[in-house]
Amino acid sequence: MDSFISTYGFLLVSMTFAAMLALSLYLPLMTGQLSLASPGFYALGGYIAAVLSTTVWKVDKGATYPLIALVIEMIIAAGASGLLAIVIGVPALRLRGIYLALATIAFVEVLRVLSLNLDVTGKAIGIFDIPQPFSTKFAYILISGPMLLFVMFFVYQLERSRVGRAFAALREDELAASAMGINPTNNKVLSFVMGAVLAGVVGAVSAHFLNTWNARQGTFDASILYLAFVIIGGSRTFVGPVMGGLLLTALPEVLRALASQPALPKFMAQFLTDGRLIIYGLLIVLSTIFFPQGLIVPELWQRRKRKERDS
Amino acid sequence: MTVPLPDSTSIDVGTSADLMFADKLEKRFGGLSAVDGVSFSVREGEIFGLIGPNGAGKTTLFNLITGLTPPTSGRLIFRGENLTGARPHVIAQKGIARTFQNIRLFPNLSALENVMVAQHIHTHSDILSSFFGLPSARREEAFIRKTALDLIDLIHMRDRADEKAKNFSYGDQRRLEIARALALKPQILLLDEPGAGMNSNEKAGLSDFIRQIRDQFKLTIVLIEHHVPLVMGLCDRIAVLNFGQLIALGNPADVQRDPAVIEAYLGE
């Protein structure tokens, strides 16, 4: 068990982060808004944590960083992301579909270029030696694990509530929803802000976890990766993005383990280790062909429920 | 208020003291006036028919009233309040509900959920009270569900309440759309071709159903319909549109005899 955790501890925590980032993209999608802005807010949250912990609440090298300071960083990151999301969201959410996606990609790029050129973000070098509140990487699960469960429960309750139904109506048919008295702007901005806050908080924890933070965090690549979590996992229930984030983050390690099987011919092993990205891309293509709604759809348990009721 | 017509007859279009008053509503799309200075009022409790040949501007007029398209000029007065240019959700909150000619249910939501959604404006639970499952939120949720089920009962769909809206037949979808609109507790209900695609048997049933909901929910109903016998038998008053202009307004018998109406439908 100990060796498992020392080997895979980093991966397990990364998986929970990925699940939450997938949810941050799923939240605006609940109102039908395809926003790729999550990496931008993730980067923002990370820089807030990195700057605060290396300048304001500095600790000696090697000393344990106080957990309370991390929590305060998370709260500040949440607030800053939420405010920025309102400023960005009100004009951007007038755009629809692909145009909103393009605008949010531009937003992510603007933030990236800014962080490459500002002194406070360490320019191209970024910020390193971010202090550690835990002695091992796996211990971050103490924060990310409960956080993921909390967010999952939050979205679960949301989907069954009055506001969640209004979101679903907007996603299904915005015009009809507004004719039913639902304010499209307010609800779309609300879902966008919730996604941004989540991404910002994850960024704050992630900066400590990764020990270093630079302009490579939160790029267009990350936007597409999170989108893949949601598309492959499924976009019709929150379980989809969570499973997509968890499984797709673990996939490269699973392939690596497969490759180390001695029975495998050498060229196959080499393909599994070096061709990981090819396999990854292939999976995305295959799942969109065979599971266009994603792997997890609500019908999976609805059908069972109906069967139980009828029998 | 009366508006002179080209042929020197005039139409009594009512006043802003009536429940709803359209005052010279106009919508131009480029050079085309889809609705061209139309004035009429709807009185409380009546069933008001809106007829006219294809392309006469009936649905555009509905869209102007419900805020889906802003008018180029003119005013819309509802219960003495100027609602011109208000956004659709505000107009819905004021008490004007509608159905759509090309059915716009929420296809992937169940029949029950479709009706539950439409109670949004009459309920108040926010995200946090739902998240914590506060008693107030749970009570409200139970109330929403019960109200929705009552409306589902009204259209006899109780046994299929959990099915997705997109799986219902055309006629059932039309009835479900009416149930959804009723969940808004409107004062005026606008029905855009409620009988489209129904056979004559179903249309007779529809007439009874519309009268029933008018009486039960104390509604005022405005409906667009092509089927002349249905309109003549059901409506208290009828307005006729042709090329975006109001050419006749009055009780069914008078409208039926109006030379301008006969000309619009049959040609000279």
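**Exercise 1. Strand pairing in chain B**

Which residue of strand 4 of chain B stands opposite B:Ala22? Place that pair in its sheet, then turn to the other neighbour of strand 3.

*Solution.* The model is predicted.
- Step 1. The residue facing B:Ala22 is B:Phe40.
- Step 2. Take the two strands as a pair. Strand 3 of chain B covers residues 20-29 and strand 4 of chain B covers residues 32-42. They are antiparallel, with seven bridges.
- Step 3. Look at the turn. Two residues lie between the strands of this hairpin. B:Gly30 has a positive phi there, near 60°.
- Step 4. Strand 3 of chain B also pairs with strand 6 of chain B, residues 73-78. That pairing is antiparallel too, with five bridges. Within strand 6 of chain B, B:Ile77 is the bridge partner of B:Phe21.

**Exercise 2. The fold of chain B in numbers**

Describe the overall build of chain B, and decide whether its radius of gyration fits a globular protein of its length.

*Solution.*
- Step 1. Count the elements: chain B has 10 helices and 12 strands.
- Step 2. Compare the radii. Chain B comes out at 19 Å, and the globule rule gives 18 Å for 268 residues. The two values are close, so chain B is as compact as a globular protein of that length.
- Step 3. Add the box. Along the principal axes, the C-alpha atoms of chain B fill roughly 65 × 40 × 35 Å.
- Step 4. Check burial and contact range. Of the 268 residues in chain B, 44% are buried. Take the contacts in chain B between residues at least 6 apart in sequence: 67% of them join residues at least 24 apart.

**Exercise 3. Two domains and a core**

Split chain B into domains, describe their contact, and say why the largest nonpolar core lies between them.

*Solution.*
- Step 1. Domain 1 of chain B is 1-95 + 186-268, and domain 2 of chain B is 107-184. Their C-alpha centres are 28 Å apart.
- Step 2. The contact involves 10 residues of domain 1 of chain B and eight residues of domain 2 of chain B. On the domain 1 side, helix 2 (88-94) and helix 7 (200-216) of chain B each give two or more residues. That side has seven nonpolar residues, two polar and one charged.
- Step 3. The largest nonpolar core holds 164 residues. B:Val115 and B:Val240 are among the members that touch the most others. Helix 8 of chain A, residues 184-210, gives the largest share, 15 residues. Both domains of chain B contribute residues, so the core lies between them.
- Step 4. Zoom in on B:Val115. Beyond its sequence neighbours within four places, its contacts are B:Ala148, B:Leu151, B:Ile152, B:Ala179, B:Arg180 and B:Ala183.

**Exercise 4. The contact between the chains**

Describe the side of chain A that touches chain B, then follow A:Ala168.

*Solution.*
- Step 1. Chain A gives 20 residues to the contact and chain B gives 25.
- Step 2. Helix 5 (141-159), helix 6 (162-172) and helix 7 (174-179) of chain A each supply at least two residues of the chain A side. Helix 6 of chain A has the largest share, with seven. By class, this side counts 11 nonpolar, five polar and four charged residues.
- Step 3. A:Ala168 sits in helix 6 of chain A. Leaving out residues up to four places away in sequence, A:Ala168 touches B:Phe106 and B:Leu109.
- Step 4. Buried or exposed? A:Ala168 has 20 C-beta neighbours inside 10 Å, so A:Ala168 counts as buried.
- Step 5. Compare sequence and space. A:Ala168 and A:Arg236 are 68 residues apart in sequence, while their C-alpha atoms are 9.7 Å apart.

How values were computed: Residues numbered from 1 in each chain as written. Chains lettered and ligands numbered in written order. Predicted model: local features only at pLDDT ≥ 70, side-chain atom pairs only at ≥ 80, totals over all residues. Pairing = 2+ DSSP bridges. Helix = DSSP H or I, 4+ residues; strand = E, 2+ residues; numbered from the N terminus. Contact = placed C-beta atoms within 7 Å. Nonpolar A, V, L, I, M, F, W, Y, C, P; charged D, E, K, R; others polar. Domains from an automatic or database assignment. Core = buried A, V, L, I, M, F, W, Y, C linked by C-beta atoms within 7 Å. Buried ≥ 20, exposed ≤ 12 C-beta atoms within 10 Å, placed from the backbone. Rg over C-alpha atoms; globule rule 2.2 N^0.38 Å.
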